[in-house]
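The report below goes through one protein model, moving from its charged pairs to its helix packing and its overall make-up. Please keep the sequence and the coordinates open while reading.

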Amino acid sequence: MRFQISKLRLKPMYGLFLAVFLCHFTQLSQAQTILVHGDSLSAGYGINPQESWVALLTQALQPEHEVLNTSISGETTRGGLERLPVLLSSVKPDILILELGANDGLRGFPVTMMQQNLEAMVTMSQNMGASVIVVGTHLPPNFGKRYTEPFFKAFENVALASGSAYLPFLLEGVALEPSLMQSDGLHPTAEAQPIILQNVLPLVQQALTAGG
């Protein structure tokens, strides 16, 4: 009889322990790692890095999720492609935000080469189990429509062909506002970073929900 009473008393405690354990396990299983692989627009060029949109994304998602930033000012799609295998192997991200190509355009690199590099990075990431968000960009009009139109279209082509999420223009709502751009006309100010975050965040939230 004593054994039976003790057993009955333990059942609620065991149930509580199991519930806490399962809740903790669920939280751990839903935690995801986001890797931002980009250029100066994501590296926080010309501003305090803690004010960049990537830092704001980190603040918005932590502690539930981890955000790692491997963006480098001046990076091209070729450089990003060369660095990516090691990063994927070491980080094993659940989500990759691919924000590269602007420097290819500014240097007049062939659009086909840029698109091939982007495609290779997306395929590599997906093969490692990561969801990809392809981030597009625009070029100044002085580059001419014969170059800028296929350049802009290349990002959409990559996203559609791979089934990736697609953000057409990182600097939407920013690039045409002089007060939100630095003196070089290419890089956003600290004041612009919350706007950029709002451009990116909905796609990140969708990817987190799909992968949770």
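How many salt bridges does a search of the whole structure find? In this predicted model, the search of the whole structure finds three salt bridges. They are set out in the table, with the closest N to O distance of each pair and the relative accessible area of each partner.

| Pair | N to O distance | Relative accessible area |
|---|---|---|
| Arg-83 and Glu-75 | 2.6 Å | Arg-83 23%, Glu-75 10% |
| Arg-78 and Glu-82 | 3.5 Å | Arg-78 56%, Glu-82 57% |
| Glu-156 and Lys-153 | 3.0 Å | Glu-156 24%, Lys-153 41% |

**Surroundings of the charged pairs**

The side chains of Arg-83 and Glu-75 meet at 2.6 Å, N to O, and in this pair Glu-75 is buried at a relative accessible area of 10%, whereas Arg-83 is partly exposed at 23%. The salt bridge of Arg-78 with Glu-82 has its closest N and O atoms 3.5 Å apart; Arg-78 counts as exposed at 56% relative accessibility, and Glu-82 is likewise exposed, with a relative accessible area of 57%. Both of these residues belong to helix 4, where four residues, about one turn of the helix, separate Arg-78 from Glu-82. For Glu-156 and Lys-153, the closest N and O atoms are 3.0 Å apart, and the two residues lie three residues apart in helix 7, a separation of about one helical turn. Glu-156 is partly exposed at 24%, and Lys-153 is partly exposed at 41%.

**Helix 4 against helix 6**

Helix 4, which spans residues 77-91, packs with helix 6 at an angle of about 10 degrees, the axes being 9 Å apart. Angles under 35 degrees count as roughly parallel, and helix 4 and helix 6 are therefore roughly parallel to each other. On the side of helix 4 the contact is made by Thr-77, Arg-78, Gly-80, Leu-81, Leu-84, Pro-85 and Leu-88, while helix 6 contributes Met-114, Asn-117, Leu-118, Ala-120, Met-121, Met-124 and Ser-125. By class, the residues of this contact between helix 4 and helix 6 divide into nine nonpolar, four polar and one charged. Arg-78 thus has a place in two descriptions, as a residue of the contact with helix 6 and as the salt-bridge partner of Glu-82.

**Helix 7 and its packing**

Helix 7 covers residues 145-162, 18 residues in number, and reaches 26 Å from its first C-alpha to its last, which is close to the 26 Å expected at 1.5 Å a residue. Which residues of helix 7 are buried? They are Tyr-147, Thr-148, Phe-151, Ala-154, Phe-155, Val-158 and Ala-159, and these buried residues pack against two helices, helix 5 (102-106) and helix 6 (111-127), as well as against strand 4 (131-135) and strand 5 (165-167). Helix 6 therefore appears both as a packing partner of helix 7 and in the roughly parallel arrangement with helix 4. After helix 7 comes Gly-163, whose phi is positive, near 75 degrees.

**The protein as a whole**

The secondary structure comes to eight helices and five strands, which follow one another along the sequence in the pattern α-β-α-α-β-α-β-α-α-β-α-β-α. Of the 212 residues of the protein, 43% count as buried. Among contacts with a separation of 6 or more, 76% are accounted for by residues 24 or more positions apart in the protein.

Conventions
Residues numbered from 1 in each chain as written. Predicted model: local features only at pLDDT ≥ 70, side-chain atom pairs only at ≥ 80, totals over all residues. Heavy atoms only, no water. Expected span 1.5 Å × (residues − 1). Buried < 20%, exposed > 50% of the residue type's maximum accessible area, 1.4 Å probe, protein only. Contact = heavy atoms within 4.5 Å. Axes fitted to C-alpha atoms, helices over the stretch in contact; angles between N-to-C directions. Parallel < 35°, antiparallel > 145°, perpendicular 65-115°, else oblique. Nonpolar A, V, L, I, M, F, W, Y, C, P; charged D, E, K, R; others polar. Salt bridge = Lys/Arg side-chain N within 4 Å of Asp/Glu carboxyl O.
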